[in-house]
Amino acid sequence: MTESSTSWMSTVTAVATSIGVAVIGYFGYQVQANSQRAVEEIRAQTAIQQSLLNSTCQTRQLDIEMVKLALNILGGEISDKTKKSREFAVKLLQKYSGIELKDGDIIAWVDSGTVDFKLPNEALLNTQRTAQGIAAAKAAAKIAATNVSRPF
């Protein structure tokens, strides 16, 4: 081999090496950019999920506060003067606890402070405190069950 062919081979090798390095560098850059995009997408999805979880927790906390308000109203005096506020409280309890009550049960609760559920293990005694305790337990159980089954 002559000196010119060796020089020519060195030049071709240098050019091929340079092209190879450029191609590897380009693909490395693309992989890095794609990785950064993937990381940003994961961060965005995580932020959205965290926001939804916080919103759900706040909503459930507000529901619990509304149930407490309703039970406080129902725990008060039973008289004709408090009938409208007791009706409001039963409707409030029904809405925020998710417990459906029949119209007859609502009227009975407003008028007497008790509800007869017609089942031996759920029957309420004629005391206001028992009615409040069972309603609170049912509301808490319903809220707890709703927390578990809600998707994020």
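Let's start in the middle of things, with Ile 106: leaving aside neighbours within four places in sequence, Ile 106 is in contact with Val 90, Gln 94 and Leu 101. This is a predicted model, so keep that in mind as we look around. Ile 106 sits in helix H3. Is Ile 106 buried or exposed? With a relative accessibility of 11%, Ile 106 counts as buried, because the cut-off for that word is under 20%. You can also check a distance here: Ile 106 and Ala 89 are 17 residues apart in sequence, and their C-alpha atoms are 10.0 Å apart in space.

Now turn to one of those partners. Val 90 touches Leu 74, Leu 101, Ile 106, Trp 109 and Val 110, again not counting residues up to four places away in sequence. Several of these names come back when you look for the largest nonpolar core, which has 14 residues. Which residues have the most contacts inside this core? They are Leu 74, Val 90, Leu 93, Leu 101 and Trp 109. Helices H1, H2 and H3 (103-112) each supply at least two residues of the core. As a general background idea, nonpolar side chains tend to be buried together in soluble globular proteins.

Trp 109 is worth a stop of its own. Like Ile 106, this residue has its place in a helix: Trp 109 lies in helix H3. Its relative accessible area is 4%, so Trp 109 is buried. Find Arg 86 as well: Trp 109 and Arg 86 are 23 residues apart in sequence, with 8.3 Å between their C-alpha atoms.

Let's step back and take in the whole chain. There are four helices and zero strands in its secondary structure, and reading along the sequence gives you the pattern α-α-α-α. The chain has 152 residues, and 20% of them count as buried. Its accessible surface comes to about 10900 Å², with 62% of that belonging to carbon and sulfur atoms. What about contacts between residues with a separation of 6 or more? Residues 24 or more positions apart account for 49% of those contacts.

Next, the outside. On the surface, Val 15, Ile 19, Val 23, Tyr 26 and Phe 27 form a nonpolar patch, and together they have about 500 Å² of accessible area. Val 15 lies in helix H1. At 46% relative accessibility, Val 15 counts as partly exposed, because that label covers the range between buried, under 20%, and exposed, over 50%.

Charged side chains come next. Side chains of opposite charge can pair when their charged atoms come close. How many salt bridges does the model have? The count comes to five, and we'll visit some of them. In one of them, Arg 60 pairs with Asp 63, and the closest N and O atoms are 2.4 Å apart. Both residues lie in helix H1 (residues 3-74), three residues apart, which is about one turn of the helix. Both Arg 60 and Asp 63 are buried.

Further along helix H1, Lys 68 and Glu 65 also meet in a salt bridge, at 3.6 Å from N to O. Lys 68 and Glu 65 are three residues apart in helix H1, so about one helical turn separates them. Lys 68 has 44% relative accessibility and so counts as partly exposed. Glu 65, at 35%, counts as partly exposed too.

For another salt bridge, move to helix H2 (residues 83-97). The side chains of Glu 87 and Lys 84 meet there at 3.9 Å, N to O. These two are three residues apart in helix H2, so the spacing is about one helical turn. Glu 87 is partly exposed at 24% relative accessibility, whereas Lys 84 counts as exposed at 65%.

Finally, how confident is the predictor? The chain averages a pLDDT of 76, and 72% of the residues score at least 70. Where is confidence lowest, and where is it highest? Helix H4 (residues 128-149) is lowest, with a mean of 61, while H2 is highest, at 88. Over residues 119-129 the pLDDT is below 50, and this stretch has 21 contacts in the model beyond near neighbours in sequence. Residues 148-152 also stay under 50, and the model has six contacts for them beyond four places in sequence.

Definitions and conventions: Residues are numbered from 1 along each chain as its sequence is written. This is a predicted model: local features need pLDDT of at least 70, side-chain atom pairs count only at pLDDT 80 or more; totals for chains, interfaces and linings use all residues. Side-chain values use heavy atoms; hydrogens and water are left out. A salt bridge is a side-chain nitrogen of Lys or Arg within 4 Å of a carboxyl oxygen of Asp or Glu. Buried means under 20% relative accessible area, exposed over 50%, partly exposed in between (1.4 Å probe, protein chains only). pLDDT is the predictor's confidence in each residue, from 0 to 100. Contact means heavy atoms within 4.5 Å. A nonpolar core is a set of buried Ala, Val, Leu, Ile, Met, Phe, Trp, Tyr and Cys residues joined through side-chain atoms within 4.5 Å. Accessible areas come from the Shrake-Rupley method with a 1.4 Å probe; for residues, only the protein chains shown count as cover. Patches are made of residues with over 30% relative accessible area and no salt bridge: like charges are joined within 9 Å, nonpolar side chains (Val, Leu, Ile, Met, Phe, Trp, Tyr) within 5 Å.
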